[in-house]
Amino acid sequence: MTNVAVIYYSSQGNVHKLAVAAAAAAEKAGAEVRLRRTAELTTETVVPGNDQWNEAWERHLASVQDIEEATLDDLDWADAVLWGTPGRYGLPAASLKQFIDQTLPLHMRRGLVNKVMSSFTSTATLHGGQESTILALNNAFYHWGSIIVPPGVADPVQLAPTNGNPYGVSSVSRNEAGNVDDDNLSAVEYQARRTVEIAAALGRGLRAG
C-alpha cells in the first residue's frame, strides 16, 4: 500500500477544503493517508483592523484542533506528499515554510530522495501568484531529490473554467472564507489520484529493480 501524507497550512479554510478533498481521494485510490496541518506561528490576529479576516481565521483555527500537526515522522513515513498552502505574495505561507526548514535531518540522510511531491494552492484573486507559489514550493523538492508530479493538462477536469493551472490545483477565494469551487475540488481529487498512481508505480519499479 502507498503511504500518502497531505500536509497543508490554511488560514481561513480554503486550502483546508482542498486538503480534505485530496486526502479523501487518495484514500479512495487505495492509499494509507495522513492529513496533517502545519503549526500556527502566532496566537494573535495577524491583520490588524480587519475584523472580518481575523474572525474567519479564529473560527477556522478552532475548527481544526482535532487535526494533528505535521511532524518529520509523517514525511519519513510517506511515499508521496501532497502539499497545500495559501499564496503569500507569490510564496508559500510562513507556517509551511517553517516546517520545510525543519527537514534537514531527513534531507541529510537522503530520506526524501525519490518521494513523490505534488502541490496545490489558493489565493484571494485570479492573478494572486498561484503559479509562482507552487514553483517556489517546488524548489525544496528539487534539493531533496524528490519526484514532482503536477496535474498537468492530463484530464478534462483541468479544462473547467476555474481550473487550468498545470503546476497544481489553484483556487480563487475572492476573499471569502472556505470558498472553493466544485471544479477545484474535483481537480484536486484528480491530482491526488494521479499522485497515488505515480507513487505506486514508482514503488513497484524500485522494488523490481
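Two residues are in contact here when they have heavy atoms within 4.5 Å. Keep that in mind as you look at the whole protein chain: among contacts between residues at least 6 apart in sequence, 77% join residues at least 24 apart.

Before you click further, note that this is a predicted model, in which local features need pLDDT of at least 70, side-chain atom pairs count only at pLDDT 80 or more, and totals for chains, interfaces and linings use all residues. Residues are numbered from 1 along each chain as its sequence is written, and side-chain values use heavy atoms, with hydrogens and water left out.

**Stop 1: the whole chain**

Show the cartoon and count the elements: you should find seven helices and seven strands. Helices (H or I, at least four residues) and strands (E, at least two) are DSSP runs, numbered from the N terminus. Walking from that end, you meet them in the order β-α-β-α-α-β-β-α-α-β-α-β-β-α.

Now zoom out. Along the principal axes, the C-alpha atoms fill a box of roughly 60 × 40 × 30 Å. The radius of gyration, taken over C-alpha atoms, is 16 Å, which agrees with the value near 17 Å for a compact globule of 209 residues. That globule rule is 2.2 Å times the number of residues to the power 0.38.

Try colouring by accessibility next. Buried residues make up 50% of the 209 residues; buried means under 20% relative accessible area, exposed over 50%, and partly exposed in between (1.4 Å probe, protein chains only).

**Stop 2: helix H4**

Select residues 94-101, which form helix H4, and show the side chains of Ser95, Leu96, Phe99 and Ile100, its buried residues. Why do they sit on the same side of H4? They cover an arc of only 140 degrees around the axis, judged by the directions from the helix axis to the C-beta atoms.

To see what these buried residues pack against, add strand E1 (3-8), helix H3 (72-77), strand E3 (80-88) and helix H6 (130-144).

**Stop 3: two arginines in loops**

Go to Arg110, in the loop between helix H5 (104-108) and strand E5 (116-123). Although Arg110 is not a glycine, its phi is positive, at about 60 degrees. Is Arg110 buried or exposed? Arg110 counts as exposed, because its relative accessibility is 60%.

Finish at Arg174, in the loop between strand E7 (170-172) and helix H7 (182-208). Arg174 also has a positive phi, near 55 degrees, in a residue other than glycine. With a relative accessible area of 44%, Arg174 is partly exposed.
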